[in-house]
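Please work through the exercises below with the model open beside you, trying each task before reading its solution.

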Amino acid sequence: MSDRIYARIAGTGSYLPEKILTNDDLAQFVDTSDEWIQARTGIRQRHVAAEGETTCDLAYQASLRALEAAGVAASELDLIIVGTTTPDLIFPSTACLLQHRLGAEGCPAFDVNAACSGFVYALTVADKFVRSGAAKNVLVVGAETLTRMLDWNDRTTCVLFGDGAGAVVLKPDTETGILSTHLHADGGKKELLWNPVGVSVGFRPEEKNAGVRVLMAGSDVFKHAVKALDSVVDETLEANGLDRHDLDWLIPHQANLRIIDATAKRLEMPMERVIVTVDRHGNTSSGSVPLALDEAVRSGRVQRGQLLLLEAFGGGFTWGSALLRY
Ligand code: COA
C-alpha cells in the first residue's frame, strides 16, 4: 500500500431540465433544419431550463443525486466547487447558494469560470485539495443555463447549446482515483468564442453590438478544439506512461459529434467506448462531462476499476483533461 492519497469519485449525479427543444422545434423560429444540425453537430435535441429555473436549481438536483450515490451527507462536505459560466448572480457565487441550499454551512465554496472546461478545471482544483489532505469529502459540480445567454435569432449559435448539470463527490482513497489532470488556456483567442459584455466593461449591448449573448467563429473554434484536445490527450497518456489502448472509456466534452469523433480517432478508440450524450443534451458547457459520466455510470457501462479519460475545451480558450481509475 502506498502513502499516496488519491481523490476518488465516490458518487455521481446529474440533472436535466424537463423541457426538451428538438431541432424541428428550433426550425419553427430560426432558419435551420434537423438535417443540417444533425449532419454538422450530431445534436437532435437539447433541454432548456424553465422560466425561473436557475443554474443553482440544476446544480442542487445533480448534487443530491451525487451525495446519495456516494453515501455522503451534505453536512460532511469539506469543500464545494461549482464550474459555471452562467452563475445565478454576479455574487454570491453559485457554490455559496448551493452550499446553503444543501445545508452544508461552514465549508468553503467557490465557483470556477473556465467556460466549457469548467468541470475539468473544478475537478483539478478539488483533486489538489484531497491529495494534499486539506479536504476529504468534496462536491464538484458542472452546471449551466447557457440558453439564457443565446440569441435565438442567431442560427450559428442557438442550435448548439442546452442546459444541465452534473456532479461528483470525491473522497480520499489510498489505492487509486484521479491519476493526473492537465489544464491549459490561451487568452489570446478570446474573440473566437465569447460573451463580450459584463460588469467591468459594462452591459451595453448597443456599443458592443452584442447584448448578453454568445458570439462564436464556429469553424475556427472547431479547428482549435480538435488540435488542443489531440495534444492534451497525448500529454495525459505520456505523463502516465500509458498507451492509448489502456483506456477503457473516453468521456469527452459534448460540443459536437465531429470533434468527439476526431479525438476518438486520435486515441484509436471505437465509438462503443466513447460516451456520447451530445445528441440528446447539446452542448451543456460545464455540465457536459459530469452529465456524460453520470449517464455512463448509471447505465452500468462504466465499472469500478476502469480507466477513464475526461477532456474538455471551451471559451478562453481553455482546455484540459483528467485521467482516473473509477
Ligand atoms: N442551420 C442551417 N445553416 C446554418 C446553420 C444552421 N443552424 N448555421 C450555419 N449555417 C450555414 C452558414 O450560414 C453557412 O452558409 P453559407 O455557406 O451559405 O455561408 C453554412 O451553413 C456553413 O457554415 P459553417 O459555419 O462553415 O459550418 P460548419 O461546418 O463550420 O459548422 C458549426 C458550423 C458551428 C456546427 C461548427 O463550426 C462547429 O461545431 N464548431 C465548433 C463549435 C463549438 O463546438 N463550440 C463550442 C466549443 S466549447
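**Exercise 1.** Determine how far an N or O atom in the side chain of Arg258 lies from an oxygen atom of the ligand, and then set out the other polar contacts.

*Solution.* Begin with Arg258, where an N or O atom of the side chain is 3.5 Å from an oxygen atom of the ligand; a polar contact is a pair of N or O atoms within 3.5 Å, and within protein one must be able to donate a hydrogen and the other to accept it, with residues adjacent in sequence counting only if both atoms are side-chain atoms. Turn next to Arg40, whose side chain places an N or O atom 2.7 Å from an oxygen atom of the ligand. At Arg155, by contrast, a backbone N or O atom is involved, 2.9 Å from a nitrogen atom of the ligand. Finally, consider cover: the ligand taken alone exposes 960 Å², of which the protein buries 71%, with accessible areas from the Shrake-Rupley method and a 1.4 Å probe, where for residues only the protein chains shown count as cover. This is a predicted model, in which local features need pLDDT of at least 70 and side-chain atom pairs count only at pLDDT 80 or more, while totals for chains, interfaces and linings use all residues. Residues are numbered from 1 along each chain as its sequence is written, and side-chain values use heavy atoms, with hydrogens and water left out.

**Exercise 2.** Which helix gives the largest share of the shell around the ligand, and why does the ligand lie between domain 1 and domain 2?

*Solution.* The largest share, 4 residues, comes from helix 8, which spans 218-239; helices (H or I, at least four residues) and strands (E, at least two) are DSSP runs numbered from the N terminus. Helix 2 (34-41), helix 6 (155-158), helix 9 (257-266) and strand 12 (307-314) are also among the elements that each supply at least two shell residues. Because domain 1 (6-174) and domain 2 (179-325) both give residues to the shell, the ligand lies between them; the bounds come from an automatic or database domain assignment.

**Exercise 3.** Locate the cis peptide bond that ends at Pro92 and the one that ends at Phe317.

*Solution.* The bond from Phe91 to Pro92 is cis, with omega near 0°, and Pro92 is found in the loop between strand 4 (79-83) and helix 4 (94-102). Gly316 and Phe317 are likewise joined by a cis peptide bond, with omega about -10°, and Phe317 lies in the loop between strand 12 and strand 13 (318-325). For background, most peptide bonds are trans.
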